[in-house]
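Please work through the exercises below with the sequence and the model side by side. Each one sets a task and then gives a solution in steps.

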Amino acid sequence: MGSIRLTFHSHSAGLNRLTVSGVVRLMLGSWLILVPCAPANANPAVRPANEFPVATDARIEQAGEVVRLTMALSRPVEISASVMAAPDRAVIDLPSVNFQVQPNTARKSAGFVSAFRFGMFTADRSRIILDLAQPAVVAKAEVRKVRGGFGELVVELKRASRAEFQAASVRPAPQSQEGPASQVPKPHGETRQLVVIDPGHGGIDPGAVVASIAEKSVVLAFGLALKEQLEAGGRYRVMMTRDDDTFVPLGQRVKIARAAGADLFISIHADSLTQAQDVRGATIYTGSERATDAESARLAAKENQADAVAGLDAAEDVQDVAGILMDLAKRETRTFSSVFARNLVEKLGGSVKLHKVPLRSAGFRVLTAPDVPSVLIELGYMSSPKDAELLNSPSWRAQAVGAVHNAIDGYFTSTLSAGKAAANQR
């Protein structure tokens with residue numbers, strides 16, 4: 001029998017998110033991105049990251065029949081560990097932890113652990129996940145005290161038979177049902193359209209990681225910049241599915257938009273193709289049961305695994321709208337989604353490089369709201385050195401944000417005009 005041990009070490013009290021005078025600093029390896037944000041005390045129920053224990057120096061290694069993950073902690077914490085199937089993985093739950101560990105560290109493997117990842121899972125809980133190439137069980141999971149009041153997290157995994165793994169595995173927790181289940185009425189006298197911005201991934205789910213740069217941070221920076229520009233114009237109300245480094249289940253992102261009565265939903269992502277670094281440019285996607293091509297199907301399948309990446313059951317949500325009404329709503333919604341997608345291609349094409357096939361469709365779960373026009377923007381390919389450089393360029397970001405803003409203006413101008421014309425013909 002072989003086993004795997006994980007250890008996390010941390011002796012620093014550094015922060016991965018600092019709020020100073022309305023500015024968030026997002027550390028991306030050696031990159032520093034400055035983006036506007038809400039005041040740090042906007043939600044007094046959420047503790048600032050500097051109150052969390054800090055984790056650093058993650059190492060994964062195989063020692064004989066043991067694969068061990070270790071991580072240093074600035075102070076001891078309580079943990080729990082389990083294994084889950086489909087996909088096979090080990091899950092370690094902790095209180096909120098400030099991870100000061102390079103994102104590309106998680107790509108390292110040892111023995112039957114092919115990779116591991118870490119991050120915030122909920123507002124008060126963090127999670128570490130180890131992907132298993134072969135069945136294994138948890139042989140040890142503890143945080144031991146070390147000199148100076150620090151802690152050392154140690155997780156050891158031991159190779160097991162499939163029957164042993166199945167007996168030890170637990171069913172993933174169902175997706176969170178928190179949040180309003182029905183639409184929130186628009187404030188009295190409010191006439192502005194509501195735009196929901198959805199930065200992809202977050203927390204335990206980093207998305208694509210290239211050269212220590214995580215997709216979740218790139219798209220959050222873009223989303224915050226777009227929100228600031230839209231609100232500055234005064235024409236729109238803006239809501240974000242996440243405005244910090246937290247994980248939000250795919251189904252919950254859709255529910256947020258529907259419950260708020262959104263007029264438009266924009267999901268922000270950045271793709272990666274490790275075997276094709278010459279492929280680059282932005283792509284706009286709309287939702288569809290059938291993908292327009294194999295590449296679109298691949299991307300949708302990857303993005304739809306976000307819940308499984310975070311250790312959740314990825315089963316589709318049961319829709320709460322009757323069949324025929326849902327179909328009718330979807331048809332109209334998809335028409336509006338296509339109109340906005342074409343607007344985006346036109347406006348972005350005048351400002352940034354687009355993919356050679358810039359308008360596509362596929363079965364993205366975040367684009368399934370039957371009553372909210374929705375699109376997904378892949379800003380570019382992090383696997384392309386040129387795109388990666390641009391995605392982290394403040395000047396490119398400002399240019400692209402301006403183009404998306406113009407597309408939103410054009411969309412609402414045209415749809416409102418069409419609505420008035422139809423009303424006059426009645």
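The exercises that follow treat backbone geometry, a hairpin, charged pairs and nonpolar cores in turn.

The model is predicted, so that local features need pLDDT of at least 70 and side-chain atom pairs count only at pLDDT 80 or more, whereas totals for chains, interfaces and linings use all residues. Residues are numbered from 1 along each chain as its sequence is written, and side-chain values use heavy atoms, with hydrogens and water left out.

**Exercise 1. Backbone geometry**

Task: Find the setting of Asp 57 and of His 201, each of which has a positive phi although neither is a glycine.

Solution. As background, most residues other than glycine have a negative phi, and most peptide bonds are trans. Begin with Asp 57, whose phi is about 55°, and place this residue in strand S5, residues 54–63; strands here are DSSP runs of E with at least two residues, helices are runs of H or I with at least four, and both are numbered from the N terminus. Next, consider accessibility, where buried means under 20% relative accessible area, exposed over 50%, and partly exposed in between, with a 1.4 Å probe and protein chains only. Asp 57, with a relative accessible area of 43%, is partly exposed. Turn then to His 201, whose phi is about 60° and which sits in the loop between strand S14 (193–199) and strand S15 (209–210). His 201 counts as buried, at 9% relative accessibility.

**Exercise 2. The hairpin of S7 and S8**

Task: Describe how S7 and S8 pair, and state what the backbone does in the hairpin.

Solution. Start with the pairing, for which DSSP must find at least two bridges between two strands: S7 and S8 run antiparallel and are joined by five bridges. Met 84 stands opposite Arg 89 in S8. Then look between the strands, where the hairpin has four residues and Ala 86 takes a positive phi near 55°. Finally, inspect the peptide bond from Ala 86 to Pro 87, which is cis, with omega near 0°; Pro 87 belongs to the loop between strand S7 (80–84) and strand S8 (89–95).

**Exercise 3. Charged pairs**

Task: Which salt bridges does Glu 156 form with Arg 68 and Lys 140, and which parts of the chain do they link?

Solution. A salt bridge is a side-chain nitrogen of Lys or Arg within 4 Å of a carboxyl oxygen of Asp or Glu, and the whole structure holds 21 salt bridges. The bridge of Glu 156 to Arg 68 has its closest N and O atoms 3.3 Å apart. This pair links distant parts of the chain, since Glu 156 is in strand S13 (residues 150–159) and Arg 68 in strand S6 (residues 66–73), 88 residues apart. Glu 156 also meets Lys 140 in a salt bridge, at 3.9 Å from N to O. Lys 140 is in strand S12 (residues 136–146) and Glu 156 in S13, so this pair ties together parts that are 16 residues apart in sequence. As for accessibility, Glu 156 is buried, at 7%, whereas Lys 140 is partly exposed, at 30%.

Task: Repeat the analysis for Arg 334 and Glu 289.

Solution. The closest N and O atoms of this salt bridge are 3.0 Å apart. Arg 334 lies in helix H6 (residues 323–349) and Glu 289 in the loop between strand S19 (282–287) and helix H4 (294–303), so parts that are 45 residues apart in sequence are tied together. Arg 334 is partly exposed, at 33% relative accessibility, and Glu 289 is exposed, at 60%.

**Exercise 4. Nonpolar cores**

Task: Identify the residues with the most contacts inside the largest nonpolar core, and the element that gives the most to this core.

Solution. A nonpolar core is a set of buried Ala, Val, Leu, Ile, Met, Phe, Trp, Tyr and Cys residues joined through side-chain atoms within 4.5 Å. The largest has 42 residues, and those with the most contacts inside it are Ile 266, Phe 340, Leu 344, Val 404 and Ile 408. Among the elements that give two or more residues are helix H2 (215–233), strand S18 (264–271) and helix H8 (394–424); H8 gives the most, with nine residues. A second, separate core of 31 residues includes Leu 69, Met 71, Val 83 and Val 101.
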